[in-house]
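I opened a new page for this chain today. Here is what I looked up, in the order I went through it.

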Amino acid sequence: MATREEVERLVRQVVGEVLAATGGAAAVAAEPGRRAPLVAANWKMNLLAADVRAWPAKLEPPAGVELVVCPPLVWLPLLREALGPAARAALGAQNVHPAPRGAFTGEHSCAMLRDAGASWVIVGHSERRALFGETDAFVAEKLRAALAGGLRVILCVGERLAERDGGATFRVLRGQLTAALADLGFPAPDPATLVVAYEPVWAIGTGRHATAEQAQEAAAFLRERLAERFDWRWALAARILYGGSVTPASAAELAAQPDIDGFLVGGASLDPAAFSSIAAATARAKERR
Ligand code: PEP
């Protein structure tokens, strides 16, 4: 299998040839590492209808960053209406059930999410794993169903503090990622539809974010595992996010890391101005590269 360096060299060579032939028009999208940054909001179980109506007014989407907002499911249609037809952000759900229909009280299918306006769904969030007993196998089932059901997926993986302290971070990340992707057959999904979020559990909602070095190291490790699972071309096209107490103050340094392509933002996303600042910091960091 080709290494990351070999694929990057090959793609650079092809890009050079295309540039020479086109005068530069095709450059940005084809260059490895030039993945479209993505910043996603996970509101969790927060905000009421009046907040949802007011939220979009203070949203300032920067150019060049894809935004996704995942409100509580009940607010999806209201948020869609409040965002307006200009579609300044895509909508996502925080959960999905893999079955297409049936006796699953309180759950929602892929088709229901799509009908309500969602094009994305978060799968494998540590709160669902820890508080609602979601196993690796169930995460894999949801992931497969969501992609097959026309939703794009933000797959969350991350170690607990004791696992990091015990030197088990990479073992945990490898295990969660491998298990989540286990049910995917061939061909590989479009890399635009599957985003991996590195979310160390000890950083979620704690006010303590991973250092840029820790986040980069984990993101690079996940990208290598994606290359093993698919190939380097796929892995270099896929977005890897960092999530865990990201704020406008911490976003720039984290976003400057080469393997971090954006963020999954919890607490700070409740404030549209803070969320916009994080997205703007991401845009600036990626522009500089
Ligand atoms: C999250 O829940 O995915 C998250 C990143 O939360 P917070 O930003 O609040 O740590």
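I began with Ala40 and asked which residue is its bridge partner in strand 8. I found Leu264 there. This is a predicted model, so I keep that in mind for every entry. Strand 1, residues 38-42, and strand 8, residues 262-265, pair in the parallel sense, and I noted four bridges between them.

Next I followed the strands around. They form a closed barrel of eight strands in the order 1-2-3-4-5-6-7-8, with parallel pairing. From one strand to the next, the twist averages 25°.

Then I turned to helices on the sheet. Helix 4 (residues 76-83) packs there, touching strand 2 (66-70) and strand 3, and its direction makes about 170° with that of strand 3. Helix 13 (residues 272-287) lies across strand 1, strand 2 and strand 8, and I noted that it runs at about 160° to strand 1.

I also stopped at Ser109, in the loop between strand 3 (90-93) and helix 5 (110-115). Is Ser109 buried or exposed? Its relative accessible area is 5%, so I put it down as buried, the cut-off being under 20%. Leaving aside neighbours within four places in sequence, I listed its contacts as Val96, His97, Ala99 and Pro100.

Last, I took totals for the chain. I counted 13 helices and eight strands. Of its 289 residues, 53% count as buried. The chain exposes about 13,100 Å², with carbon and sulfur atoms supplying 56% of that. Among contacts with a separation of 6 or more, 72% come from residues 24 or more positions apart.

How values were computed: Residues are numbered from 1 along each chain as its sequence is written. This is a predicted model: local features need pLDDT of at least 70, side-chain atom pairs count only at pLDDT 80 or more; totals for chains, interfaces and linings use all residues. Side-chain values use heavy atoms; hydrogens and water are left out. Helices (H or I, at least four residues) and strands (E, at least two) are DSSP runs, numbered from the N terminus. Buried means under 20% relative accessible area, exposed over 50%, partly exposed in between (1.4 Å probe, protein chains only). Contact means heavy atoms within 4.5 Å. Accessible areas come from the Shrake-Rupley method with a 1.4 Å probe; for residues, only the protein chains shown count as cover. Two strands pair if DSSP finds at least two bridges between them. Axes are lines fitted to C-alpha atoms, for helices over the stretch in contact, and angles run from 0 to 180 degrees between N-to-C directions.
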